[in-house]
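Q: I'm new to reading structures, and I'd like a close look at one part: the place where the ligand sits. Could you walk me through that spot, and then through the other open spaces in the protein?

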Amino acid sequence: MKKNNSFHLRLQQRHDELRWLYMELYDNDSMFAELCSKMYEFFKERNHTLKAIDAVRETEPDWYKKNDLLGMMFYIDNFAATIKGVESKLDYIERCSVNYIHLMPFLETPKGRSDGGYAVSDFRKVQPQLGTMEDLEHLTSSCHSKGIHVCMDFVMNHTSEEHEWAKKARQGDGEYMSRYFFFDNDTIPSEYEKTVPQVFPTTAPGNFTWLDDAKHFVMTSFYPYQWDLNYKNPRVFNEMIYNFLYLANKGIDIIRLDAVPYIWKELHTKCRNLPQVHTIVRLMRMISEIVCPSVLLLGEVVMEPEKVVPYFGTVEKPECHMLYNVTTMAATWHTVATRDVRLLKQQLDILHSLPKEYIFLNYLRCHDDIGWGLDYAFLQKQGFAEVSHKQYLNDYFQGYAGESTSRGELYNADPVTKDARFCGTTASMCGIEKAGFEQNDAAMERAIGLDLMLHAYMFMQSGIPVLYSGDEIGQVNDYSYKEQPEKAADSRYIHRGPMNWELSKNISNLNTVEGKLFHGLENLEQIRQTEKVFVSNADTWTIETGDFSILGIGRFFDGQKIIGLFNFSEFDKTARINEIDGVYVDLISGETKTSIEISIPAYGYYYLKKES
Ligand code: GLC
């Protein structure tokens with residue numbers, strides 16, 4: 001009885017705003033009443049262990065803002081074949097110091113028309129070859145007993161064309177057609193096309209697909225087999241919320257809101273980031289706070305900072321708990337290619353001026369391509385023009401520019417705009433693939449140095465670092481996707497290869513690439529998790545270093561100060577750090593630094609902690 005009270009109390013606290021926002025979108029009392037009663041059903045179904053976690057996290061709402069979380073993302077099949085396989089690898093995950101795993105999409109999806117699982121045909125069924133919902137529940141509960149948090153995608157913008165709603169819509173059932181965007185002629189679709197940009201301009205051009213059997217156009221912003229859901233229909237919102245709560249009740253801690261900026265469409269707009277999107281995210285935040293308050297919302301907003309930050313909401317009316325630090329990621333690779341930290345420094349300055357409550361997920365690589373969404377107004381002042389600079393970056397990372405050691409491929413090269421994105425693993429982009437192929441030991445040392453320096457710099461940022469599975473052992477590009485017809489057109493599969501467990505056996509051998517990387521990362525992870533100056537609400541700032549290739553980041557918390565220095569060039573350098581005002585010890589090598597002149601080897605890095 002007491003437990004159920006917690007639901008009503010939480011509902012009561014949020015009811016007015018919840019109802020207000022729902023009515024603003026839908027003006028439908030009976031659907032709102034249905035939503036509230038279903039929420040209660042899901043609350044009652046939530047198991048005791050999860051409710052206990054809810055209770056703990058409610059008393060400590062900032063639990064995820066410290067310095068003890070380290071994420072890793074992977075595809076279940078690539079990592080361990082099945083969900084049960086993942087469970088059997090939890091020791092390895094712990095060995096990596098990882099306590100947050102993002103399981104890439106694993107719900108039912110049609111083979112060959114899945115977009116890596118982002119075309120869901122049943123939100124309540126696991127892909128049979130990966131396992132069952134029971135396996136998932138078992139995994140999340142084993143993870144919880146080891147202090148590991150589990151993240152999954154909630155692909156809310158669209159369903160697969162094989163979803164039961166889509167099948168009924170295709171057969172002409174009006175009730176289901178109204179859950180998507182159907183048009184019997186191209187008048188309205190062509191109006192949309194005037195203002196809506198393209199997500200996949202080469203692999204899936206246009207935002208609509210003609211269905212020959214149904215004699216209708218359907219809106220498909222992503223692939224033609226991914227049908228955009230119409231959130232103007234309250235039935236869509238309610239049913240998707242029920243799916244969300246169903247998944248939360250399987251023990252998911254972090255729910256990634258896939259492609260969230262796209263979920264509301266209005267004619268004559270770009271159909272991105274419309275105000276109603278924020279209303280929906282705010283509703284989702286309140287609904288999860290009422291039913292399953294331990295669950296965190298991670299927004300996938302792959303856009304410039306001005307568009308990303310509003311998804312945190314306000315302090316009084318928060319939306320997402322966490323967002324990806326996407327511009328910093330892209331600016332990092334720009335810095336690798338140019339050896340010029342000025343853009344990165346100004347990007348970090350923007351982040352450092354944001355409220356410390358905002359938690360970003362920091363990463364070097366993920367399952368997607370890198371879009372070169374950089375601050376071109378800033379770069380223009382340094383003489384970089386947008387189109388030619390993007391071309392340079394793509395050439396550089398394909399290995400065409402003279403001093404480049406990177407390997408990888410273009411993604412969605414648009415012949416009209418000349419725009420293209422880039423795909424490749426961290427290791428391949430750092431030169432590990434090339435050095436390995438050429439059996440060049442000196443080049444390999446440099447590549448490992450660059451790879452570790454980038455991780456060291458990523459760990460110095462506030463927020464939660466997330467590793468891309470395989471990066472801990474320097475896994476390189478996998479070109480075998482080209483031989484698989486259903487993948488061949490999508491070069492993102494180049495960095496979605498299976499985990500190489502054979503190579504991972506080398507992690508304890510410091511004479512191997514895997515051992516060097518694994519050990520280097522382990523060292524960094526341990527420092528980050530033990531030094532309190534790495535907590536998210538530390539003061540952070542960038543430091544002048546007197547050299548465009550050297551990035552300096554300062555952190556201060558509770559009397560502790562640390563200066564991170566990162567040499568983005570292949571040359572030994574000397575930085576001039578006027579802030580050095582005493583004795584500093586490098587936490588990585590144990591060396592002491594007292595002078596403002598600090599020499600840093602090629603691709604070197606220091607975590608200099610001030611001695612008290
Ligand atoms: C997200 C995913 C991407 C997918 C898209 C469509 O951006 O990260 O992999 O293609 O959503 O669901």
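A: Let's start with a word we'll need: a residue is near a molecule if one of its heavy atoms lies within 4 Å of it. Keep in mind, too, that this is a predicted model.

With that cut-off, 13 residues surround the ligand. The closest are Asp 115, Asp 258, Glu 300, His 367 and Asp 368. What kinds of residues make up this shell? It divides into three nonpolar, three polar and seven charged residues.

Now zoom in on three of those closest neighbours. Asp 258 has a polar side-chain atom 2.8 Å from an oxygen atom of the ligand. Glu 300 also places a polar side-chain atom 2.8 Å from an oxygen atom of the ligand. For His 367, an N or O atom in the side chain lies 2.8 Å from a ligand oxygen. And how much of the ligand does the protein bury? On its own the ligand would expose 310 Å², and 95% of that is buried by the protein.

Next, let's look at open space, beginning with the second largest pocket. This pocket holds about 660 Å³ of space and has 31 residues lining it. Nearest its centre you'll find Ser 114, Gly 116, Gly 117, Lys 487 and Tyr 493. Helix α4, which covers residues 76-80, gives the largest share of that lining, with three residues. Sorted by class, the pocket lining has 13 nonpolar, nine polar and nine charged residues.

Then there are the closed spaces. How many cavities of 30 Å³ or more are there? The count comes to seven. The largest cavity has a volume of about 230 Å³, and 19 residues line it. Leu 351, His 352, Phe 360, Ser 462 and Thr 540 are the ones nearest its centre. Three elements each supply at least two lining residues here: α15 (342-352), β14 (359-362) and β19 (550-557). Of these, α15 gives the largest share, three residues. The lining of the largest cavity counts 10 nonpolar, seven polar and two charged residues.

The second largest cavity comes to about 150 Å³. It is lined by 18 residues, and Tyr 468, Ser 469, Gln 475, His 495 and Gly 497 are the closest to its centre. Helix α4 turns up again here: along with β1 (71-74), α4 gives two or more residues to this lining. By class, the second largest cavity is lined by eight nonpolar, seven polar and three charged residues.

While you're exploring, have a look at a little sheet as well. It's an open sheet of three strands in the order β7-β9-β8, paired antiparallel. Why is one side of β7 and of β8 left without a neighbour in the sheet? Both β7 (182-183) and β8 (208-211) stand at the edges and have a single partner strand each, so one side of each stays unpaired in the sheet. Two bridges join β7 to β9 (residues 216-219), and Phe 182 stands opposite Val 218 in β9.

Finally, here are two backbone oddities to click on. Lys 418 isn't a glycine, yet it has a positive phi of about 65°; you'll find Lys 418 in the loop between β15 (409-411) and β16 (421-423). Tyr 603, another residue other than glycine, has a positive phi near 50°, and Tyr 603 lies in the loop between β24 (597-600) and β25 (605-610).

How values were computed:
Residues are numbered from 1 along each chain as its sequence is written. This is a predicted model: local features need pLDDT of at least 70, side-chain atom pairs count only at pLDDT 80 or more; totals for chains, interfaces and linings use all residues. Side-chain values use heavy atoms; hydrogens and water are left out. On a 1 Å grid over the protein atoms alone, a cavity is a set of points where a 1.4 Å probe fits but cannot get out, and a pocket is an open set with protein on both sides within 12 Å along at least five of seven lines; lining residues have an atom within 4 Å of a point. Grid points are joined across faces, edges and corners, and a volume is the space filled by probe spheres set on the points. Helices (H or I, at least four residues) and strands (E, at least two) are DSSP runs, numbered from the N terminus. Ala, Val, Leu, Ile, Met, Phe, Trp, Tyr, Cys and Pro count as nonpolar, Asp, Glu, Lys and Arg as charged, and the others, Gly among them, as polar. Two strands pair if DSSP finds at least two bridges between them. A polar contact is a pair of N or O atoms within 3.5 Å; within protein, one must be able to donate a hydrogen and the other to accept it, and residues adjacent in sequence count only if both atoms are side-chain atoms. Accessible areas come from the Shrake-Rupley method with a 1.4 Å probe; for residues, only the protein chains shown count as cover.
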